[in-house]
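The following exercises introduce a structure step by step. Each one sets a task and then works through its solution.

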Amino acid sequence: MPGSARARHRSKPDAGQLRPAADPQGSAATKARRGGLSRHTRVLVVDVALAIVLVALMALSVCLGSVGATPAEVLGAILSGPTDATLSQVIWQIRLPRVLTSAILGGALSLSGFLLQTFFNNPIADPYVLGISSGARMAVALVMIALLGSSNILTPWGSVAAALVGSLATMGIVLLLARRVRTQSMLIIAGIMVGYVCSAATNFLIAFADDQDIVNLQSWTQGSFSGASWSDLAVIVIAVAVMSVVVFALSKPLGAYQLGETYAQSVGVDVRRLRILIVLVSSLLSACVTAFAGPISFVGIAAPHLARLAVGSSRPLVVTPACFLAGSVFCCGCDLLARMLFSPVELSVSAVTAVFGAPVVIALMLRRKGYR
Amino acid sequence: MSERPYDTQSDVRTAAGAQAGLGMRATAAACPDGQATHDQGDIGAAHALELRGLAVGHGARALVSDIDLVVDPGEVVALIGPNGSGKTTILHTVAGQLRPLAGSVELFGHELASLTGTERARTMAALFTDRPRTDLLTCQDIVEAGRHPYTGSLGILSDEDHRRVREAMEATDTWALRDRDFAHMSDGQRQRALIARALCQEPRVLLLDEPTSYLDIRSQVDMLQLLRAWARERGMAVLASLHEIDLAQKAADRIACVRDGHIMFQGTPDEVFTSDVIPVLYDLDSTSYDPFFGGVELARPEGEPQVFVIAGGGAGATIFRALQRQGIPFAAGVLHRHDIDGLLASHLAVKSVFEDDFEPVGEDALRRAADALRSCRAVICPLESFGALNARNAELLDAARDAGIPVVRDIEQLGRVLKLGRTASND
């Protein structure tokens with residue numbers, strides 16, 4: 001078509017090198033392009049930096065612990081594969097699965113929080129605050145106690161399934177409440193209340209369980225990566241990898257959804273389908289975390305927020321990778337602190353994440369005070 | 001060639017004109033790129049937007065029903081009507097966000113519900129009144145969202161997409177704001193950015209819900225001129241709800257009046273903006289709306305006239321309004337009926353004495369004016385001198401002097417005279 005050919009010709013001077021010297025508009029465009037370039041560079045720098053920090057933290061976590069060893073010894077133990085030596089046992093059976101679990105679940109938690117923040121257009125929404133983690137924990141505790149009576153063992157997939165059912169049920173309740181309350185703060189309060197009810201119910205269950213079970217259940221209900229094993233890790237890797245790819249693939253409709261439902265619809269997004277997908281994916285991600293590590297506080301708010309600030313944008317396409325990495329770094333670092341701070345006493349990881357995460361949440365609330 | 005910013009703008013316009021010309025010859029020919037599924041001949045023949053027997057509402061009960069409305073390419077149609085009459089609901093239904101309760105919405109001859117989201121979005125853009133609450137998104141990020149129907153699965157923009165975004169942002173004067181955080185822009189700037197977002201969607205039908213409501217008067221005028229230009233040059237059909245009826249009168253080709261659950265009336269601005277339609281539509285006192293001015297006047301002060309105004313040729317307009325604000329009932333004369341003072345006096349004066357248009361002030365009118373004048377406490381005459389047609393109004397000044405009624409030139413003097421009168425009567 002002659003028209004479009006001409007249009008293509010016209011666009012050339014705009015994009016190209018002909019104008020800049022003569023035309024202020026052209027130089028502005030060059031600057032904008034440079035700005036665009038630096039924006040991409042910034043995202044890349046942030047992602048690479050986060051990855052480096054993550055690797056460093058993981059290496060540190062593997063090296064540090066009650067069984068002392070030099071980095072060289074640790075490297076040797078890893079390279080020679082699992083053996084019967086004590087160091088090898090500690091590293092292969094305890095530290096490696098734990099470090100990997102904390103990194104992957106941290107990313108999952110962060111992505112889940114990012115999805116919920118987009119869904120509710122509320123910067124302080126995450127699975128923990130909205131009570132979804134507590135709901136998942138209640139479901140898992142219920143199933144565990146019921147199965148313990150019949151001397152069956154809950155498989156990893158089984159506990160994910162139970163946690164997912166609990167997550168979705170709680171999410172349903174929160175959604176029903178959200179339809180009634182229109183303000184952002186009321187949504188959060190409703191979520192916190194739902195969380196309390198679920199926690200209370202879990203505590204009842206524990207009180208009536210056999211003494212033997214309580215020990216396990218207690219540490220898990222506080223939030224901890226200590227029970228990580230390779231069989232759990234396989235499930236975690238598969239589930240989280242699939243969901244992360246789904247979240248990344250949803251970047252485009254999520255970006256439109258950030259402007260509001262009516263705008264998303266007007267540019268052709270199937271809003272109903274997208275909402276269902278967000279609920280499913282975020283619930284599954286938080287179910288994974290809760291099934292294996294219990295409820296972990298504030299990571300889902302703090303990590304996505306820090307990622308957005310670092311990247312300087314909230315466009316999902318550039319935020320999601322940084323978001324995952326930030327969650328990994330956050331959880332890995334907090335778990336390291338939880339293990340080492342008062343060694344040999346181990347803190348619950350949720351206590352450490354709260355210390356670092358809560359200030360971020362408070363800062364967010366102060367910044368958003370105009371929003372109600 | 002373009003040192004001045006306006007040159008680039010006119011550049012864009014002519015390019016757009018050329019494209020629109022191409023589009024005119026074969027509107028459908030442009031379609032295979034956009035909507036592969038559409039039958040070409042069909043599209044050329046159909047209206048841009050056609051609502052037939054449409055009933056709209058939230059839930060089961062219809063808020064507005066039996067809507068029959070057609071918008072053709074290049075046409076601007078305005079929906080007007082009182083608050084809560086259902087204009088926004090109609091637009092939400094046409095945009096596909098609410099299911100029609102009855103009847104149909106057709107976009108270029110295709111049932112709206114039969115189109116996929118992307119097909120619909122490439123043909124029709126919409127702008128509603130809810131504002132996105134964003135965090136760390138630039139103005140340009142927001143506008144780029146309009147390219148959603150054209151980008152690939154990850155939403156990365158091509159050169160063509162960037163060109164469209166820039167074109168729309170320059171047209172709405174937001175290009176300079178492109179790196180600003182959307183959350184920190186003014187309401188007016190945000191509205192312009194959102195309109196740019198809708199325009200870069202390359203819509204052939206544009207739905208707007210109160211597009212001018214956040215804008216100052218200058219931006220309102222710019223916005224409507226822009227819409228008219230895009231409608232004319234690109235054959236874009238516009239359906240907009242407007243609260244500013246004076247702007248609707250000036251900017252729309254056709255007007256549909258929504259009230260009491262149906263389209264009460266639709267027609268050209270000449271047919272709609274009359275003292276028969278507008279006062280009924282908005283429950284106005286029939287005297288307060290003036291189709292010539294395209295606006296409404298506040299209610300006139302009622303009672304026995306206190307002041308007589310000798311005016312004409314626009315000299316009395318500010319005095320009429322000042323008396324109205326102070327709540328002083330007044331009479332005016334002798335005026336020509338369609339003189340600007342005559343039109344205004346018919347809304348604001350308790351009693352007006354008129355002479356026929358283009359006739360010199362005659363004996364009969366003069367006598368009636370003098371009668372009215374004698375019952376007043378003061379006379380205002382802002383006129384310096386009289387002309388051929390109102391020469392005999394000078395006799396009213398004599399009549400006032402004979403009756404001992406003070407004659408003043410402006411409102412300030414009037415205040416002193418009336419105060420004196422009041423203290424005198426109190427004594």
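Buried residues make up 44% of the 427 residues in chain B. The model is predicted, and the exercises below read it chain by chain.

**Exercise 1. State how the two chains are composed and how far their residues are buried.**

Step 1. Chain B contains 17 helices and 17 strands. Chain A, by contrast, has 15 helices and 0 strands.

Step 2. For burial, the share in chain B is 44%. In chain A, 46% of the 372 residues count as buried.

Step 3. Consider next the contacts between residues at least 6 apart in sequence. In chain B, 65% of these join residues at least 24 apart. In chain A, residues 24 or more positions apart account for 77% of the contacts with a separation of 6 or more.

**Exercise 2. Determine where in chain A the prediction is confident and where it is not.**

Step 1. Chain A has a mean pLDDT of 82, and 84% of its residues reach 70 or more.

Step 2. Within chain A, confidence is lowest in helix H1 (residues 2-15), at a mean of 39, and highest in H14(A), at 94.

Step 3. Over residues 1-35 of chain A the pLDDT is below 50, and this stretch has 22 contacts in the model beyond near neighbours in sequence. Where pLDDT is low, the predicted coordinates should not be read in detail.

**Exercise 3. Examine helix H14 of chain A: which length does it reach, and is it enclosed or open?**

Step 1. H14(A) has 25 residues and reaches 35 Å from its first C-alpha to its last. At 1.5 Å a residue, 36 Å is expected, and the value in the model is close to this.

Step 2. Of the 25 residues of H14(A), 22 are buried, so the helix is largely enclosed by the rest of the structure.

Step 3. The largest nonpolar core has 181 residues, and among those with the most contacts inside it are Ala322(A), Ala326(A), Leu207(B) and Val238(B). Helix H14 (residues 316-340) of chain A gives the most to this core, with 14 residues.

Step 4. A second, separate core has 34 residues, including Phe308(B), Val309(B), Leu344(B) and Phe354(B).

**Exercise 4. Describe helix H9 of chain B and its surroundings.**

Step 1. The 18 residues of H9 (residues 217-234) of chain B should span 26 Å at 1.5 Å a residue, and the end C-alpha atoms are 26 Å apart, which agrees.

Step 2. Among the buried residues of H9(B) are Leu227(B), Trp230(B) and Ala231(B).

Step 3. Two of these residues also meet Val238(B): leaving aside neighbours within four places in sequence, Val238(B) is in contact with Leu227(B) and Ala231(B), and also with Val76(B), Val77(B), Leu206(B) and Leu208(B).

Step 4. Just after H9(B), Gly235(B) takes a positive phi of about 65 degrees.

**Exercise 5. Work out the strand pairings of chain B.**

Step 1. Strand S1 (residues 49-56) and strand S4 (residues 102-107) of chain B pair in the antiparallel sense over 5 bridges. Here Arg52(B) has Ser104(B) in S4(B) as its bridge partner.

Step 2. S1(B) also pairs with strand S2 (residues 64-71) of chain B in the antiparallel sense, over 5 bridges. In this pairing Leu54(B) stands opposite Ile67(B).

Step 3. An open sheet of 5 strands in chain B has parallel pairing and the order S15-S14-S13-S16-S17. Its edge strands are S15 (351-355) and S17 (407-408), each of which pairs on one side only.

Step 4. Inside this order, S13 (residues 307-310) and S14 (residues 330-336) of chain B pair in the parallel sense over 4 bridges. The partner of Val309(B) in S14(B) is Ala332(B).

**Exercise 6. Account for the backbone geometry of three sites.**

Step 1. A cis peptide bond joins Gly333(B) and Val334(B), with omega about -25 degrees. Val334(B) has its place in strand S14 of chain B.

Step 2. Phe298(A) is not a glycine, yet has a positive phi of about 70 degrees. Phe298(A) lies in the loop between helix H12 (271-293) and helix H13 (299-311) of chain A.

Step 3. Glu210(B), also a residue other than glycine, has a positive phi near 45 degrees. Glu210(B) lies in the loop between strand S7 (205-209) and H9 of chain B.

Step 4. Phe298(A) is buried, because 25 other C-beta atoms lie within 10 Å. Glu210(B) has 19 other C-beta atoms within 10 Å and is therefore partly exposed.

Technical notes: Residues are numbered from 1 along each chain as its sequence is written. Chains are lettered from A and ligands numbered from 1 in the order in which they are written. This is a predicted model: local features need pLDDT of at least 70, side-chain atom pairs count only at pLDDT 80 or more; totals for chains, interfaces and linings use all residues. Two strands pair if DSSP finds at least two bridges between them. Helices (H or I, at least four residues) and strands (E, at least two) are DSSP runs, numbered from the N terminus. The expected span of a helix is 1.5 Å times one less than its number of residues. A residue is buried if 20 or more other C-beta atoms lie within 10 Å of its own, exposed if 12 or fewer, and partly exposed in between; C-beta atoms are placed from the backbone. A nonpolar core is a set of buried Ala, Val, Leu, Ile, Met, Phe, Trp, Tyr and Cys residues joined through C-beta atoms within 7 Å. Two residues are in contact if their C-beta atoms, placed from the backbone, lie within 7 Å. pLDDT is the predictor's confidence in each residue, from 0 to 100.
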